[in-house]
Amino acid sequence: MTMTHPAADAIAVELLHRFRRVRARTEEIAEPLAPEDCVVQTMQDISPTKWHLAHVTWFFETFVLTPHLAGYRPLDERYAFLFNSYYVQAGPRHARDQRGYISRPTVSEVYAYRAWVDSHMQRLLEMEPLPALLQELVTIGLNHEQQHQELMVTDIKHVFSVNPLRPAYHERRPSPPSEVPPINWLTLSWEWIISGMRATTIRYAAPTRVIRVST
Ligand SMILES: [Fe+2]
């Protein structure tokens, strides 16, 4: 029986919770979207939401599960080609500017892929003790997924921006009415001060000036 330090256990539990939070947040961002929204690529510098959902999952599969979870088998080995981005050492990849050509796997199949990887990540994160290397790899994977959460938002904004129907990612929430206080003049005292450097050789960024300031 392996004895682990309580602090190490706490770190592993926190990492598992963080893993679940970040993965859930990604799906919350995609939640307002229809499947049709998730497959469109409106310019080469953006990626379909479906691709982001799968790519961040591929990252955990490729760099965490395959090398570190005994017996792990990818749900579909062909996904590696579709969902690699520019990781040359991870093998060949589909053309970035053609990600919008890909209708299969479907969006629901990509969610099944996420669930497959999540269930195996749960097993890995319950490993005792969780090696420091794995803690670091999982943290990198989570930071990578958070980076893609930002990209998901900017990319879907472009998808909607070129649609003549002007769809909204979500409806604007009405802001509560606010009371604006009446405008008044303020009486301030003031004095002259010398600002900037007094050196005679350097004037580049901080020239000497006499200015008037409120006190
Ligand atoms: Fe990435």
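## Helix α2 against helix α4

In this predicted model, helix α2 spans residues 49-68 and helix α4 spans residues 107-125. The two pack at an angle of about 30 degrees. Their axes are 9 Å apart. The angle falls under 35 degrees, which makes α2 roughly parallel to α4. The crossing of α2 and α4 is left-handed.

On the α2 side, the contact is made by K50, L53, A54, T57, F60, E61, V64, L65 and H68. On the α4 side, V107, V110, Y113, R114, V117, H120, M121 and L124 take part. By class, the contact of α2 with α4 has eleven nonpolar residues. Three polar and three charged residues complete the contact.

## Helix α2 against helix α5

Helix α2 also packs with α5, which covers residues 132-161. The axes of α2 and α5 come within 9 Å. They cross at roughly 170 degrees. That angle is over 145 degrees, so α2 and α5 are roughly antiparallel to each other.

From α2, the residues that meet α5 are T49, H52, H55, V56, F59, F60, F63, V64 and H68. Their partners in α5 are L134, L137, V138, G141, H144, E145, H148, L151, M152, D155 and I156. This contact of α2 with α5 has eleven nonpolar, seven polar and two charged residues.

F60, V64 and H68 of α2 appear in the contact with α4. F60, V64 and H68 also appear in the contact with α5.

## Overall fold

The chain holds five helices and two strands. Along the sequence, the pattern is α-α-α-α-α-β-β. The radius of gyration of the chain is 26 Å. The globule rule gives 17 Å for 215 residues, and the value for the chain is well over that. The chain is therefore more spread out than a compact globule.

The C-alpha atoms fill a box of roughly 75 × 55 × 45 Å, taken along the principal axes. Of the 215 residues, 21% count as buried. Contacts with a sequence separation of 6 or more were also sorted by distance along the chain. Of these, 68% come from residues 24 or more positions apart.

## I156 in helix α5

I156 lies in helix α5. I156 has 24 C-beta neighbours inside 10 Å. The cut-off for a buried residue is 20 or more, so I156 counts as buried.

Leaving aside neighbours within four places in sequence, I156 is in contact with L33, D37, T49 and Y169. Of these partners, T49 is listed among the α2 residues that meet α5. I156 and A30 are 126 residues apart in sequence. Their C-alpha atoms are 9.4 Å apart in space.

## Loops with cis peptide bonds

A cis peptide bond joins R104 and P105. Its omega is about 0 degrees. P105 sits in the loop between α3, residues 79-83, and α4.

The peptide bond from E128 to P129 is cis as well, with omega near -10 degrees. P129 is in the loop between α4 and α5. E128 is placed in the loop between α4 and α5 too. E128 has 11 other C-beta atoms within 10 Å. Exposed residues have 12 or fewer, so E128 is exposed. E128 and A8 are 120 residues apart along the chain. Their C-alpha atoms are separated by 9.1 Å.

## R166 and strand β1

R166 is not a glycine, yet its phi is positive, at about 50 degrees. R166 lies in the loop between α5 and β1, the latter being residues 190-195. With 8 C-beta neighbours inside 10 Å, R166 counts as exposed.

S195 lies in strand β1. S195 has 11 C-beta neighbours inside 10 Å and therefore counts as exposed. Not counting residues up to four places away in sequence, S195 touches R209 and I211. S195 and I211 are 16 residues apart along the chain. Their C-alpha atoms are separated by 7.0 Å.

Definitions and conventions: Residues numbered from 1 in each chain as written. Predicted model: local features only at pLDDT ≥ 70, side-chain atom pairs only at ≥ 80, totals over all residues. Axes fitted to C-alpha atoms, helices over the stretch in contact; angles between N-to-C directions. Helix = DSSP H or I, 4+ residues; strand = E, 2+ residues; numbered from the N terminus. Parallel < 35°, antiparallel > 145°, perpendicular 65-115°, else oblique. Left-handed = near helix turned anticlockwise from the far one by under 90°. Contact = placed C-beta atoms within 7 Å. Nonpolar A, V, L, I, M, F, W, Y, C, P; charged D, E, K, R; others polar. Rg over C-alpha atoms; globule rule 2.2 N^0.38 Å.
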